[in-house]
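User: Hello! I would like to walk through a structure with you, one question at a time. Shall we look at it together?
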Amino acid sequence: MEKLIILPFSIGFIYLLGILGFRVVKWVGGLSRLDKLRLIHSFKTRRFFDSIKEVFMEGLLHRKIFRKNPVLGYMHMSLAFGWFLLIVVGHIEVMVSRQSLIAPIYLPVFFRYFETDHSFMLSGIFSFLMDLLLLFVLSGVALALLKRFKKKLFGMKKTTRLKTGDRIALLSLWMIFPLRLLSEGMSAGLYGNGSFLTSTLGHIFGNLNSETANLSLWTAYSCSLGFFFAALPNSRYMHIPTEILLIFVRNAGVKLKKRNNTYTNIQVFSCSRCGLCLDNCQLSAAGINNTQSVYILKNIRNHNLSDEQLFNCLLCGKCEVDCPVGINTIDLRITQRIESTRQYNSSYKYLEDGPVPKADTVYFAGCMTHLTPGIIASMKKLFHLAGENVWFMDEEKAPCCGRPLMLAGQYEAASKLIANNTRKIIGSGAKKLVVSCPICYKVFKEDYELANVEVVFHAEYILNLLQQEIIALKKGSDRIIYHDPCELGRGMGMYEPPREVLRTTGKVIPIKNEKHMAHCCGGSLGNLKISQVERSLLRNQAVEDYLRYRPDVLATACPMCKKTFSRHPNLKVLDISEAVANALQISSDQESTKEKMKLEIHEFELI
Amino acid sequence: MNDLSFLKPASRQIDFDNFDDRLLLYVLKYEPSFFTCISCGGCTATCSAGNLTNFNVRKIGLWLRRGETEKLSEEIQKCMFCGKCTLVCPRDINIRNVILLIKKRIAMLKNENTTA
């Protein structure tokens, strides 16, 4: 009869193990052959130990959340690491008391109930440790309760909306440890096998202590465990076991390759719906609150993702920055877009391979730069001063770079444009391809195979000109704020070259929201759904933040950002190439009037 | 012999009894800003694809209103999604989304036709 209390726990535990085993086999089995080999190979290398370390640091200690907010970090650590230690120390305690390495799995869980005789070796130390750990976990539960009412304490502005399954799991999770405290307290009162915490509680219970009350408390404890285990696979807490698998698979080098596979599932189930991505997402400034990464992941998991949600995202990458699980939300979303638009990719049969002029350097301005002719004029001026033999590839007509298509998920269509452009660039025999648009830069760098043609962003190109003293600038006194374009900063990790260039023209002020936390201008080609009004709300949010620093100039390195910000009335916006062209100091030999006139005509002709 | 077929153009009359509004209604449902199009042609003037071919975004809008699904399904393939049209539009119409919706709806209609 007494043994019956282990039933709810055991049923839940076996059910959980079954589901987890089934899912792991399904997910790992669904990976491509190459990915499976990668995974197996990674077990033989150092990566295996890296993964174990990462599981410990992120899965148990929650280092990333600590960095974000210490209270939130402590809450997660006390629950995860505390529970883990309770299990480990509990097992050691059982092994010591039984003097055997094999003990039934349920015994450490209900040890205080079954082990009434408490006089084995080190028993005092063990019960002290277990009480301490229980207190540690309980402090986490208390914080979790507090978080429901005062999330600001935890550095969060918003939390996710919960489903019924999540609520059941959450409630039973909260019940587990208080019930454990009560039942261990009661047992301590009856059998005297507790330590500072449980014995005190046993004393407080006093006359209430009885065998029946004890049995019912332990049964309730067992039930809460069983409920939690049973609810786990269909709730957000599935992230606990999945994250371990994710870390191993990710460290093995598995990536999403423009196609859904079970790696999508592993990532989707790893999302804990903590909501840290919600605070970073700018879309809420435009009143859009159902398309953030956490909801998209949930919708993929529940198979109810709509196009309206899928395409309503700036793809700025800010959500990825703070994701404690490290889910690759951008790749995941683009893969979903590819799947959603697979049926209607264009073939672009009209693209022709015309004759290509020979040149040392190719300049690809890109569609967006053509809407900001100031950038083209400045670049031409710089090319002229550098004496570069440039072929301006898309001056008259050329296909787009393909990135906007990719952002819309039309990967196959984009590859047609890529093939056409590649043939032209290689045909020109150039050694260098200069681009002035980060959107183009990303696709040229990542998806083009250009053999030995070096892809250079105009910031790097200008920096090189400055370092080699081919051009000289007159440093002004302007206060400059540099706006990191999403595709260049978070997208390509280029933060410093544009700043270094700007430092030669004026004073670059450091601000709070820069580099990986930089705002999106709102103009993003990644979002196909929001209206211009909503875009301007996002833009104003960024501008308001910038204006607090009283800049004279807002500099950026992206024609799209420039175009978006230029629509704001109280702001002088310059691309870095324009800032440089304005600050040009023509050296004495170039200052001859003839040269000057030539330059002026050059500029005039272009604009 | 010279091709003089342009002298005898095919009928361009729209029969409102057989008007195919499935495409138009779909686009307007998900991108209502298309209502405000004034057919100014700014989109066509800036279009990267229009620079390479005779692709005409303004015509896409006209055909959409006339329900000429057949013609559209060919023509719409030429768009390169660069987004310049959306940036120059004086009525702030999200043209990129209009194109995406047309492509999607045409694919849906094709599927319906093959299964029906």
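User: What percentage of the residues in chain A is buried?

Analyst: Happy to start there, and please keep in mind that this is a predicted model. A residue counts as buried here if 20 or more other C-beta atoms lie within 10 Å of its own. Chain A has 607 residues, and the buried share of them is 45%.

User: How many helices and strands does chain A have, and what does its C-alpha trace span?

Analyst: The secondary structure of chain A comes to 29 helices and 10 strands. Of the contacts in chain A with a separation of 6 or more, 76% join residues 24 or more positions apart. Along the principal axes, the C-alpha trace of chain A spans about 105 × 50 × 45 Å.

User: Which strands stand at the edges of the sheet that contains E1, E2, E3 and E4 of chain A, and why is one side of each left without a neighbour?

Analyst: This is an open sheet of 4 strands in chain A, with parallel pairing and the order E2-E1-E3-E4. The strands at the edges each have a single partner strand, so one side of each has no neighbour in the sheet. From one strand to the next, the twist averages 25 degrees. The edge strands are E2 (390-392) and E4 (454-457) of chain A.

User: Within that sheet, which residue stands opposite A:Val362?

Analyst: A:Val362 can be placed through the pairing of strand E1 (residues 361-364) with strand E3 (residues 432-435) of chain A, which runs in the parallel sense over 4 bridges. Opposite A:Val362, in E3(A), stands A:Leu433.

User: What is the strand order in the open sheet that includes E6 of chain A?

Analyst: E6(A) pairs in the parallel sense with strand E7 (residues 507-508) of chain A over 2 bridges, and in the parallel sense with strand E8 (residues 553-556) of chain A over 4 bridges. At the edges stand E7 and strand E9 (573-575) of chain A, each with a single partner strand, so one side of each lacks a neighbour in the sheet. The order of this open sheet of 4 strands is E7-E6-E8-E9.

User: Which residues are the bridge partners of A:Ile480 in E7(A) and E8(A)?

Analyst: Strand E6 (residues 479-483) of chain A is mostly covered, with 4 of its 5 residues buried. On the E7(A) side, A:Arg479 stands opposite A:Lys507. For A:Ile480, the bridge partner in E7(A) is A:Val508, and in E8(A) it is A:Val553.

User: Are helices H8 and H9 of chain A roughly parallel or roughly perpendicular?

Analyst: The axes of helix H8 (residues 164-191) and helix H9 (residues 196-205) of chain A come within 7 Å and cross at roughly 75 degrees. Angles of 65 to 115 degrees fall in one class, and therefore H8(A) and H9(A) are roughly perpendicular.

User: How do the residues of the contact of H8(A) with H9(A) divide by class?

Analyst: From H8(A), the contact includes A:Leu181, A:Met186 and A:Ala188. Among the residues that H9(A) brings are A:Leu201, A:His203 and A:Phe205. Taken by class, the contact has 5 nonpolar, 6 polar and 1 charged.

User: Does A:His303 count as buried or exposed, and why?

Analyst: A:His303 is found in the loop between helix H14 (293-302) and helix H15 (307-310) of chain A. Its phi is positive, about 55 degrees, although A:His303 is not a glycine. Because A:His303 has 6 C-beta neighbours inside 10 Å, it counts as exposed.

User: And does A:Glu469 count as buried or exposed?

Analyst: A:Glu469 is found in the loop between helix H23 (458-467) and strand E5 (472-473) of chain A. Phi of A:Glu469 is near 55 degrees, a positive value in a residue other than glycine. With 8 C-beta neighbours inside 10 Å, A:Glu469 counts as exposed.

User: Which residues of H27(A) are buried?

Analyst: Helix H27 (residues 559-566) of chain A is mostly covered, with 6 of its 8 residues buried. Those buried residues are A:Pro559, A:Met560, A:Cys561, A:Lys562, A:Thr564 and A:Phe565.

User: Lastly, how many residues of chain A are in contact with chain B, and what ipTM does the predictor give the complex?

Analyst: In this complex, 22 residues of chain A are in contact with 23 residues of chain B. The side of chain A that touches chain B has 12 nonpolar, 6 polar and 4 charged residues. The mean pLDDT of chain B is 89, and 98% of its residues reach 70 or more. For the complex, the predictor gives a pTM of 0.89 and an ipTM of 0.90.

Definitions and conventions: Residues numbered from 1 in each chain as written. Chains lettered and ligands numbered in written order. Predicted model: local features only at pLDDT ≥ 70, side-chain atom pairs only at ≥ 80, totals over all residues. Pairing = 2+ DSSP bridges. Axes fitted to C-alpha atoms, helices over the stretch in contact; angles between N-to-C directions. Contact = placed C-beta atoms within 7 Å. Nonpolar A, V, L, I, M, F, W, Y, C, P; charged D, E, K, R; others polar. Buried ≥ 20, exposed ≤ 12 C-beta atoms within 10 Å, placed from the backbone. Parallel < 35°, antiparallel > 145°, perpendicular 65-115°, else oblique. pLDDT = per-residue confidence, 0-100.
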